[in-house]
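Please open the structure in a viewer and keep the selection panel at hand. The stops below proceed from one selection to the next.

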Number of protein chains: 2
Amino acid sequence: MLDSLFNPKKVAVIGASSKELHIGNRVIKNLIDFGFKGEIYPINPKADEIRGIAAFKSIADAPDGIDVVHMVIPAKFVPQAMEDCGKKGVKNVIINSGGFSETGPEGAAIEEAFLEQAKKYGIRVFGPNCQGIINTDPKVRAYCNFTFTFPDPGAISIVALSGGVAEVIHQAFSAMGVGTRIYASNGNACDITIPELIRYLGDEPGTHVIVTYVEGLKDPAGFLAACTEVAAKKPILAMKAGRTKEGAKAAASHTGGLAKEDIATDLIFEKAGVLSFRDEGELIQAAVAFAAEPIPRGNRVGIITNTGGPAVIGTDIMAAAGLTLPPLSGKTERVLKETLFAEASVANPVDVLATGTAEHYRACLDAMMEDDNFDGVFVNFVTPFFVDTDSIAREIAEVHRQKKKPLVCNLMTDRRQWTETVRILADAGVPCFALPGEAARAMSALVRYRQILDREKAEIKPVADADTDKALQLLDRAKSAGRSMLLADEVYGILEAYGFDVPKWRLAEDPASAQKAAGEIGFPAVLKADAPSIVHKSDAGGVVLGLSDAAAVFKAAEKMQKNLSAPDLRFFVQRQLPPGLELILGARAEQGLGHAVVFGLGGIFVEVLKDVRFCLTPVSPAEARRMLSSIKGAALLDGVRGQKGVDKESIVDAVVRLSQLLSDLPQIKEVDLNPVFAFQDRVAVADARILL
Amino acid sequence: MLDSLFNPKKVAVIGASSKELHIGNRVIKNLIDFGFKGEIYPINPKADEIRGIAAFKSIADAPDGIDVVHMVIPAKFVPQAMEDCGKKGVKNVIINSGGFSETGPEGAAIEEAFLEQAKKYGIRVFGPNCQGIINTDPKVRAYCNFTFTFPDPGAISIVALSGGVAEVIHQAFSAMGVGTRIYASNGNACDITIPELIRYLGDEPGTHVIVTYVEGLKDPAGFLAACTEVAAKKPILAMKAGRTKEGAKAAASHTGGLAKEDIATDLIFEKAGVLSFRDEGELIQAAVAFAAEPIPRGNRVGIITNTGGPAVIGTDIMAAAGLTLPPLSGKTERVLKETLFAEASVANPVDVLATGTAEHYRACLDAMMEDDNFDGVFVNFVTPFFVDTDSIAREIAEVHRQKKKPLVCNLMTDRRQWTETVRILADAGVPCFALPGEAARAMSALVRYRQILDREKAEIKPVADADTDKALQLLDRAKSAGRSMLLADEVYGILEAYGFDVPKWRLAEDPASAQKAAGEIGFPAVLKADAPSIVHKSDAGGVVLGLSDAAAVFKAAEKMQKNLSAPDLRFFVQRQLPPGLELILGARAEQGLGHAVVFGLGGIFVEVLKDVRFCLTPVSPAEARRMLSSIKGAALLDGVRGQKGVDKESIVDAVVRLSQLLSDLPQIKEVDLNPVFAFQDRVAVADARILL
């Protein structure tokens with residue numbers, strides 16, 4: 001447990017310095033200024049005191065029972081200091097200094113050395129090369145961090161490897177007057193990991209929402225497991241950067257090659273139920289709403305405004321995000337028609353007019369909070385000089401305190417003039433945003449989390465009829481022959497073992513046998529060249545479609561034999577499928593994460609439009625259904641232009657079988673089922689490739 | 001000219017009030033507080049003075065030569081007051097009061113009445129139902145407006161009908177410490193229009209960038225013309241709200257039915273070269289950059305940072321927007337390797353490290369400003385307590401003053417602690433943004449404007465061989481017969497008159513003539529039912545494709561005759577086109593704006609993916625080319641999956657011909673060429689519909 005790290009009673013600083021611009025001085029200043037409730041022990045062999053606090057010559061001289069030691073000393077001294085801490089019984093060490101694995105092999109060796117000491121003594125290490133932690137809990141007030149933002153107590157916790165972005169987020173909350181709970185930026189994360197921190201925050205009662213920023217993941221599987229566990233009970237809001245090739249390169253340059261252009265992180269967010277953001281501003285604003293508001297029961301929002309345009313912007317953004325703006329109930333309409341000015345617009349949005357009073361706002365708020373048509377309330381509030389805006393703020397604050405439904409407020413004012421109005425709303429914890437779009441996106445994020453909570457549960461359905469042993473045998477055959485690309489009979493054998501619908505096939509050694517085989521399986525037939533030496537059989541003229549009789553098969557095989565001149569050539573004869581809706585299915589190994597299964601419409605949809613969806617294994621039927629419904633061309637599955645739809649549940653079944661195949665046989669690196677043909681009553685694989 | 005409105009020397013207020021919360025008092029207070037350089041004449045029959053300024057009983061009693069009169073009186077008194085102003089020789093009237101056309105027919109009548117008076121006397125009217133204007137020019141300082149933001153002088157001018165959103169934008173600039181030049185929110189815009197205001201700002205030397213917000217346009221053609229003229233010399237940044245069905249509904253409710261869900265506004269922005277935004281925050285941030293920075297010569301950006309993650313976010317956003325991050329030139333690399341810390345990352349982004357000094361930043365800035373690899377510089381600047389951030393700010397400010405290339409700064413700091421650093425950058429006018437994404441989007445907007453300036457010029461190429469007279473004859477025939485849907489011979493006759501490639505056709509009265517006609521034009525043939533009484537001929541079984549001989553045509557015509565039982569039935573026989581790439585072309589009338597021409601790939605691309613592009617008439621070849629290249633499936637035009645590409649210039653030619661047809665014959669309401677088949681060497685219309 002990380003309790004002693006985040007709730008320390010005794011904090012020592014090895015490398016405590018008298019120089020004001022030294023981190024070893026700043027950490028002590030920060031602890032003092034933030035009102036740390038415990039004791040501080042500066043460790044310095046020469047100084048008697050640091051910032052007025054008595055210093056100790058060595059950690060050995062300091063009192064016992066130290067929870068956290070900061071190390072602000074050159075890297076090479078850290079292993080010895082760790083040993084000293086171990087002997088002293090220190091529980092946690094935060095290493096602010098750099099010079100470890102982030103700098104190369106030499107630093108990595110030092111990191112390994114101190115880690116060995118730490119493990120020996122059961123010390124947990126935070127960092128190295130990190131900012132540290134902050135806990136704003138009024139009973140603790142631990143500012144074990146050298147950066148400079150002094151947060152108010154709040155309900156948002158921030159965790160990230162990268163101190164730069166975490167600090168930007170932290171500052172943004174501070175600038176908005178929104179508090180935070182725990183801040184943890186753990187740099188190289190050599191011992192205490194992000195997954196461990198997320199689990200801790202998941203159980204930390206003061207944390208209502210977790211915000212994280214990642215560029216790459218050291219332990220993707222661990223991150224997935226931790227997020228899955230925690231996201232089910234507490235919203236996790238995350239942003240991944242290094243999305244573009246250029247961004248990934250930039251990320252690699254400052255994290256020492258950790259980041260790469262990947263899709264896996266998004267798939268982890270999706271699978272775990274983490275709310276993912278592409279814009280740090282949007283993430284920050286959403287967190288402010290999550291910290292204060294209940295999660296809406298649905299996506300229906302009521303808008304109250306005292307100015308036209310901003311309500312239009314809010315409406316646009318929420319509608320585009322899939323939220324709805326239902327009409328007022330009859331009762332609400334009646335009440336508002338009685339209460340508001342005659343010129344007010346009694347509809348959704350309700351426009352109380354710029355002259356609208358506190359009583360008007362209150363009537364709207366009460367009505368919408370009671371009205372079963374709405375799951376949340378969006379307030380535009382501009383502050384005209386001719387109305388009593390403080391009273392309006394007090395009514396909003398009062399209704400907000402009841403926490404019946406989520407409420408976000410687009411407060412449009414000059415904060416320097418309307419200080420009291422701003423204060424009333426801030427003190428009440430009403431999430432206020434200067435721009436209508438910001439408030440609308442925050443409300444949309446709340447609804448998005450509701451949709452995650454409500455989504456069909458990802459229950460894995462094991463494929464009962466899979467013959468794993470047979471598939472394994474075929475894999476082993478290829479492996480022992482030193483082939484990474486499987487031969488056709490191995491590929492289709494494995495697919496059959498996993499219950500895929502595969503057209504009848506035969507393998508033949510020569511044109512005559514091919515002809516005979518075709519006669520057995522029926523026409524039209526497909527003839528494919530199959531040989532370890534031929535990698536791209538289509539390009540080499542090794543695929544002939546539409547062979548309508550035995551003679552045609554013989555002729556095609558002879559021609560292939562002549563043209564390809566491959567000594568290891570065999571003929572793969574297959575019954576040709578009738579034309580169907582072209583799909584692709586596939587999977588590729590994701591480092592440390594199993595596989596990513598891909599589904600899409602084939603042909604131009606994949607080649608030109610890249611209209612595909614990925615999901616990490618194991619893929620549940622619910623997840624497969626979401627893959628199907630979320631491609632852009634989803635309507636084609638249901639049939640367009642007078643065509644009948646295809647058997648979607650059979651596609652779902654194929655996706656789940658593919659996922660099971662890869663879970664059972666993780667040594668497979670890549671599977672390509674392309675094309676797969678979907679029909680009204682079946683889904684069959686027309687061509688396939690498996691790579692070890 | 002609106003000079004006397006925006007640079008008034010004498011301002012009177014009819015309806016000047018002693019009551020502090022009255023607009024007639026507030027306007028006077030605002031003029032005084034803002035330091036208006038001219039004279040103020042409160043008009044009030046009872047009061048001797050208002051806010052210490054001597055009042056006049058009536059406008060007639062006030063001194064002559066009044067530039068601007070505010071009217072803050074009930075609507076019904078306005079026509080008489082306007083007459084009084086006319087007699088007095090007043091140049092402009094700002095009507096802040098409401099109660100006019102926005103409230104219904106009664107108010108509209110009053111509006112008409114005072115407008116008649118105004119026209120009689122040559123008075124220009126601003127409003128009614130509006131906030132008014134502000135001019136921050138230190139020589140003028142006219143705050144003829146009742147809202148409460150007191151802007152610094154600056155280079156951004158804001159113009160909008162909707163005061164609500166204009167004020168939000170205005171406040172945001174103020175909160176960022178960014179000045180504005182002219183603010184104009186003209187409510188009902190009964191006389192002085194948005195296009196007129198945009199033209200004025202186009203010539204106003206203190207305005208470097210124009211920001212506008214629209215929900216709907218009263219005079220779209222006028223807006224297009226004004227924007228086209230002004231955007232060529234000055235950036236116009238615009239946002240349109242009411243984009244969603246719900247948003248349009250909300251907009252209509254507060255503007256009195258003016259707004260509707262439209263695509264025309266976007267097309268106007270596109271055609272005029274207006275930089276369009278979907279997010280008011282992004283618009284605001286871009287304006288800040290445009291106000292201070294030169295337009296980049298290209299899209300190549302250099303990044304300087306002292307912290308990792310924020311540079312990754314910036315990189316991601318700029319790369320996704322099509323900007324590039326080229327490597328440093330050899331010279332830059334050499335200089336920086338000599339100057340920066342050994343651990344610094346000398347690449348693009350350059351990471352000077354958190355310990356990087358002012359000298360380091362300066363070296364990077366100078367090098368990138370000189371380096372021909374870069375068109376602009378993006379700076380991430382976090383303020384660690386252990387470096388002299390004021391000096392860094394001074395170097396950034398100094399280089400920024402040289403205005404060699406655009407520079408944007410992501411300043412990540414606690415503004416309450418680092419006040420001097422913030423002040424240095426603000427005083428130098430460096431565009432600073434708290435979040436890396438904000439700064440990156442601002443830089444991307446600068447580049448987007450460069451791309452607009454550089455785009456191929458939209459020179460209209462008249463179709464020389466068009467036979468407008470013949471087309472007009474055919475239209476008149478339909479019109480005089482009372483048909484709005486044209487018959488097939490009219491449709492194809494018009495298309496031929498405009499030089500479209502149309503397969504050979506004949507019109508036949510009975511099956512025997514149809515058979516004969518088919519023999520003349522050749523096979524395979526298509527037979528289509530043609531009758532005023534049949535609207536959806538395909539659905540009614542009125543289209544038969546693939547008729548391979550004369551007998552088949554006869555049989556099909558007989559069957560059609562029997563099944564359709566339309567007394568006015570005629571047979572349209574057409575040579576069938578071979579299969580080609582399916583396209584759609586079309587056009588529909590846009591109120592007050594000519595037509596919107598549409599182009600897209602046919603079939604599922606239009607039906608499922610809505611992959612189409614619109615352009616307002618007249619469409620130039622350059623615009624048509626942009627339509628072709630900007631559809632998602634554009635690669636299909638060049639050929640995919642081994643297919644050859646199609647004749648793109650012939651498609652461009654067809655788009656231009658269609659545009660010309662509609663410019664020449666604006667009475668056409670809708671044209672549908674669907675499908676059109678594109679081949680390697682031609683583009684031919686397979687089916688068409690024209691609606692009057």
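Begin by colouring chain A by domain; the bounds, which come from an automatic or database domain assignment, are domain 1 (1-145), domain 2 (149-292), domain 3 (294-454), domain 4 (504-576) and domain 5 (581-691). Select domain 1 and domain 4 of chain A: their centres, taken over C-alpha atoms, are separated by 71 Å.

The model is predicted, with local features requiring pLDDT of at least 70 and side-chain atom pairs counted only at pLDDT 80 or more, whereas totals for chains, interfaces and linings use all residues. Residues are numbered from 1 along each chain as its sequence is written, and chains are lettered from A and ligands numbered from 1 in the order in which they are written.

Next, select Pro675(A), which lies in strand 27 (residues 670-678) of chain A; strands (E, at least two residues) and helices (H or I, at least four) are DSSP runs numbered from the N terminus. Pro675(A) is buried, because 21 other C-beta atoms lie within 10 Å; the cut-offs are 20 or more for buried, 12 or fewer for exposed, and partly exposed in between, with C-beta atoms placed from the backbone. Add Asp687(A), twelve residues away in sequence, and the C-alpha to C-alpha distance reads 5.7 Å. Asp687(A) is one of the residues that Pro675(A) touches, as are Glu582(A), Leu583(A), Ile584(A), Gly602(A) and Ala686(A), not counting residues up to four places away in sequence. Contact here requires C-beta atoms, placed from the backbone, within 7 Å.

Now display both chains. Chain B superposes on chain A by a rotation of 180 degrees with 0.0 Å of shift along the axis (RMSD 0.1 Å), the fit being by least squares on C-alpha atoms of residues with pLDDT of at least 70 in both copies. The two copies are therefore related as by a two-fold rotation axis.

Select the interface: 65 residues come from chain B and 65 residues from chain A. On the side of chain B that touches chain A, the elements giving two or more residues include helix 5 (163-175), helix 10 (280-292), helix 11 (308-320) and helix 16 (436-454) of chain B. Helix 11 of chain B gives the most to that side, with ten residues.

Finally, isolate helix 10 and helix 16 of chain B, whose axes come within 8 Å and cross at roughly 65 degrees; axes are lines fitted to C-alpha atoms over the stretch in contact, with angles from 0 to 180 degrees between N-to-C directions. Among the residues making this contact are Phe290(B) of helix 10 and Leu446(B) of helix 16 of chain B.

Note on methods: Two residues are in contact if their C-beta atoms, placed from the backbone, lie within 7 Å.
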